[in-house]
Amino acid sequence: MIYFDNAATSLPKPPTVGRAVLAAINTFGGAGRGGHPASLAATRCIFQARKAVAELLGAAAGQTAFTANATESLNIAISGLLTREDHVITTALEHNSVLRPLYKLRSQGMGLSIIEMDQKGNLDYDGFRRSLRPNSKAVVCTHASNLTGTLTNLDFIADFCKENGLLLIVDASQTAGVFPIYADKLGIDVLCFTGHKGLLGPQGTGGLCIRKGLAVMPLKVGGSGLHSYSETHPAGMPEALEAGTANAHGIAGLLAGVEYILEAGMDTIRNRELELEKLFRQGISAIPGVCIYGDPDRPHAPIVTLNIGSLDSGEVGDRLATIYDICVRTGAHCAPLAHLALGTQEQGAVRFSFSSFNTEEEIQTGIRAVAEIAAEWEQE
């Protein structure tokens, strides 16, 4: 199997990740729920994972809370900071994990402006200033599009937010572990991440880094291991956003993934992935009938998204899987506004996303597969 679907979930993981999960399953008790060795082992692992994630993302360990995924993190941030009286700015690049929580608030009366993108996936950055209103409260945006790989200009957006007193909530699902972020230095108020993509951890892990001094209303309350006789949930971070038993087994795997990145070097991993992305893009660029989306001249994640003639993207994905044993993502990618801007709402799109574990031989097989499918389409 050739796996080119790393923007959905990374595969394979470093071998240490699976070993860490197995060891945790066989040894961990409830984290923060006792003073015996099994409980303390889980507690210590989560503490080390906080430190490692915070180091990688340029945030404070004590302000880093773990969740099940970036969707949960974004729902916590959006519902915990914004109200129907506010106005929010977002972009057409967003995933539904951003859009749907915002639409929910919009249905309750919140104002919402959406920055448009062109057919190459580039945002209209002048639109941010045009969208300002007296009650503007926040910008919620992705760091990289999961459809085109386009990176947003976080430096520009962060400066815009500082100048206008706005909160900045960032979806780093496609970039955490791959691109440097420096959340605190940049002035990101809430950085949301998932563990199973670039951080190389298991599914069911994620989190958010909160700027020190910013209070976020929790999405859920309950057991925390602290202040059990209080009627209210602990307000201090990270317990404020971590009600219930932690996924210590998954977090053990996440810690192993982050430690792999810190040891191998994020720059080394990213450069390797972008080399493979460039090799693939160059290899398919001259194939008749192939339409490539996104702007390769702008900073982008290791993603190449395409269509072949008038073929439905799902049909292309089926051929890649059944004939060439190649795994890709097809369809709508949970990014409806981006598809509308690209004109691919009916056809969908075929996304190839690369990992440092991929090889040049796999890239060449992918190029050959696209060329053969395109040649067959021309003959049909």
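The exercises below work through helix packing, a sheet and some backbone features of one predicted model.

Residues are numbered from 1 along each chain as its sequence is written. In this predicted model, local features need pLDDT of at least 70, side-chain atom pairs count only at pLDDT 80 or more, totals for chains, interfaces and linings use all residues, and side-chain values use heavy atoms, with hydrogens and water left out.

**Exercise 1.** Describe how helix 3 and helix 4 are placed against each other.

Step 1. Helices (H or I, at least four residues) and strands (E, at least two) are DSSP runs, numbered from the N terminus. Helix 3 covers residues 70-81 and helix 4 residues 96-106.

Step 2. Their axes come within 9 Å and cross at roughly 30°. Axes are lines fitted to C-alpha atoms, for helices over the stretch in contact, and angles run from 0 to 180 degrees between N-to-C directions.

Step 3. Angles under 35 degrees count as roughly parallel, over 145 as roughly antiparallel, 65 to 115 as roughly perpendicular and the rest as oblique. Helix 3 and helix 4 are therefore roughly parallel.

Step 4. Contact means heavy atoms within 4.5 Å. Helix 3 contributes Thr71, Leu74, Asn75 and Ile78, while helix 4 contributes Ser97, Val98, Pro101, Leu102 and Leu105.

**Exercise 2.** Work out the strand order of the open sheet and find its edge strands.

Step 1. The seven strands are ordered 2-8-7-6-5-3-4, with mixed pairing. Two strands pair if DSSP finds at least two bridges between them.

Step 2. Strand 2 (64-67) and strand 4 (111-115) are the edges, since each pairs on one side only.

Step 3. Inside the order, strand 7 (residues 190-194) and strand 8 (residues 206-210) pair in the antiparallel sense over five bridges. Valine 190 stands opposite isoleucine 210 in strand 8.

Step 4. Helix 2 (residues 37-57) packs on this sheet and touches strand 2, strand 7 and strand 8. Helix 4 lies across strand 3 (87-91), strand 4, strand 5 (136-142) and strand 6 (167-171), and runs at about 155° to strand 3.

**Exercise 3.** Locate the cis peptide bond and the positive phi values of tyrosine 182 and cysteine 334.

Step 1. The cis bond joins leucine 11 and proline 12, with omega about 0°. Proline 12 sits in the loop between strand 1 (2-3) and helix 1 (15-27).

Step 2. Tyrosine 182, although not a glycine, has a positive phi of about 55°. Its loop runs between strand 6 and helix 7 (183-186).

Step 3. Cysteine 334 also has a positive phi of about 55°. This cysteine is in the loop between strand 11 (326-327) and helix 11 (336-342).
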